[in-house]
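This report covers a sheet, a cavity and one loop residue in a protein model. The sequence and structure come first.

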Amino acid sequence: MKFLSRYLFIILAFGLLFSACKSQKNAPSVGKPSGTIKTSPGTPNPGANLPVKPLPMAPVALRPLTFQMPEMPREFRGVWIATVANIDWPISPDDSYLKQKQDFINLLDYYKNLNFNAVIVQIRTAGDAFYPSNLAPWSKYLTGKQGQAPKTDENPLTWMIMESHARGLEFHAWLNPYRATMNLTTDGLSPDHAYNLHRNWMLKYGTQYYFNPGLPEVKAHLLAVIKEIVDNYDIDAIHFDDYFYPYKIAKQDFPDKSTYDKYKKPGQTQDDWRRDNVNQLILALNQTIKQSKPWVQFGISPFGVWRNQNMDPKGSPTRAGQTNYDDLYADVLLWMKNGWVDYMIPQLYWSMDHKLASHRILNDWWAKNHFNTNIYIGNGPYKIREDSDAAWDNPREINTQISYTRTLPTIQGNAFFSAKSMKIKNQDVAQLLKNELYNEPTLPPSFQPKSPSIIDTPVVFSVEANSELTSIRMANPLDPAIRYALIQGANELNQLADAEIHPIWVGGLRVRTLEVKSLNTEYLAIRWIDHYGRIVQTQVYQIP
């Protein structure tokens, strides 16, 4: 199967936006179809070479078939788009908003062409925001000055999500919870930054300020930050990286003893208290997300080593200088055991046979310690040709890593740090990846609801087509939980499953009619994807 390299733009002609799926509802009455989504014919894909069956200008009705379509392959293929210090995007905070938009589109198109299916976009770097917020100031990495809004009436986050979804890419909203500043220079902080509003929340450690994880007020603030995003944006996931308690600095103690003395439980060590602070945040975040929108995933990309085996027999046979459990106070195994996260992307940024932390060995360890949580592996192409480890001089190192990951059935994909490392540099590595491993597109893994969720199955009233447009009329308005219609066409039934996929975003739109560019093929398949990523209905039609 092959996606169109140029996505289909969706223009809403009639329909209401909804952002939540109802757990129970009455079926709408059947009536005259109304409400239409039109997709532009777009620019033809020169590499498509679809077999053509000319249709007349007058619409003809398509005949439904009972042909059974196979399940589509699944693999997570994500890329981190880092905004902190303008690592990936925006290229410069001084660029015009229009240029920033074009640069973002270029990133999306580049990775879409490589057959990726998800972007992990950093929208909070250090107590700031890439969206209008009541809880954080605008990021200086977007506008050049913290607290200064971009010169547009458009909401950048809404726009980024829309552009990602239009290309069939999941949008994972990436936030750093505890990092408050990038350095000790605070003159440039907005009056609305938490440092200025709540100085008592801040702890200085090394060359940065951090939110104090032990304060109940900080936990409440972070929950509010996440709720604001989940409630107001059509994201696919909330994503945290490896920064919980900061990486330890030699001969410096994190200055939270007074908070520990105030809030510790009887007999609780400081290390256990710190871990419990993070545990309680992760649990509460999961509850906050799922109470608002149960289909929004909660994912974390922790440091690659939970514990070294010399500290715990359940740990990995590694000699990492710092670990999640002992240094960052992130008990990621507990979070998976308790079902508090939907996926993990451990950052395994070492080469295959690194002496201290082998990518191969850590793949094996995470494959065995998944606790029924989706595991994707984080790969580090930023090290290619720029690391003291000579293995990274080999342009095939990334392909070798992914090929090994694919031998482990409990690992469902990969993510790559960061976007510029295979676009601005190392495009030869990106082409090797596409040519040998990502030569065909795939859907990201789906999820099952943790509580009952009733979704109205799409019922097609009729399908009519002429040589230019195919009109799909529904018996009832689409359930808001339906996110995509995936259209495929072929001249032979046995070729239909592998035909190019035309993704049409319909998320939250209670439309009654879709109009799409006609494929002019003998057979047409329509698959409906819900907001858990599940195929809830597949229908096949024959053009007379």
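## Sheet, cavity and a loop residue

Strand 20 (residues 523–530) and strand 21 run antiparallel and are joined by seven bridges. The model described here is predicted. Within this pair, Ile529 has Ile535 of strand 21 as its bridge partner. The two strands form a hairpin with four residues between them, and Gly533 in this hairpin takes a positive phi near 85°.

Strand 21 (residues 535–542) also pairs with strand 4, again antiparallel, through three bridges. In this pairing, Arg63 is the bridge partner of Gln542, and Leu65 is that of Val540.

The bridge partners named above are listed here.

| Residue | Bridge partner in strand 21 |
|---|---|
| Arg63 | Gln542 |
| Leu65 | Val540 |
| Ile529 | Ile535 |

Both pairs belong to an open sheet of five strands, with the order 4-21-20-17-18 and antiparallel pairing. Strand 4 (63–65) and strand 18 (502–505) each have a single partner strand, so they stand at the edges and one side of each has no neighbour in the sheet. On average, neighbouring strands of the sheet are turned by 25° against each other, direction ignored.

The sheet also contributes to the lining of a cavity. The model has three cavities of 30 Å³ or more, and the largest holds about 330 Å³ of space. Its lining consists of 29 residues; Gly168, Glu170, Pro444, Tyr484 and Ile529 lie nearest the centre of the largest cavity. Strand 17 (482–490), strand 18 and strand 20 are the elements that give two or more residues to this lining. Strand 17 provides the largest share, three residues.

Three of the residues nearest the cavity centre, Gly168, Glu170 and Pro444, are also among the contacts of Asn117. Asn117 is located in the loop between helix 1 (97–113) and strand 6 (118–124). Is Asn117 buried or exposed? Its relative accessibility is 2%, and because buried means under 20%, Asn117 counts as buried.

Beyond its neighbours within four places in sequence, Asn117 is in contact with Glu75, Phe76, Arg77, Gly168, Leu169, Glu170, Thr442, Leu443 and Pro444. The side chain of Asn117 reaches the backbone oxygen of Glu75 at 2.8 Å. Phe76 is 41 residues away from Asn117 along the chain, yet their C-alpha atoms are separated by 6.8 Å.

Note on methods
Residues are numbered from 1 along each chain as its sequence is written. This is a predicted model: local features need pLDDT of at least 70, side-chain atom pairs count only at pLDDT 80 or more; totals for chains, interfaces and linings use all residues. Side-chain values use heavy atoms; hydrogens and water are left out. Buried means under 20% relative accessible area, exposed over 50%, partly exposed in between (1.4 Å probe, protein chains only). Contact means heavy atoms within 4.5 Å. A polar contact is a pair of N or O atoms within 3.5 Å; within protein, one must be able to donate a hydrogen and the other to accept it, and residues adjacent in sequence count only if both atoms are side-chain atoms. Two strands pair if DSSP finds at least two bridges between them. Axes are lines fitted to C-alpha atoms, for helices over the stretch in contact, and angles run from 0 to 180 degrees between N-to-C directions. On a 1 Å grid over the protein atoms alone, a cavity is a set of points where a 1.4 Å probe fits but cannot get out, and a pocket is an open set with protein on both sides within 12 Å along at least five of seven lines; lining residues have an atom within 4 Å of a point. Grid points are joined across faces, edges and corners, and a volume is the space filled by probe spheres set on the points.
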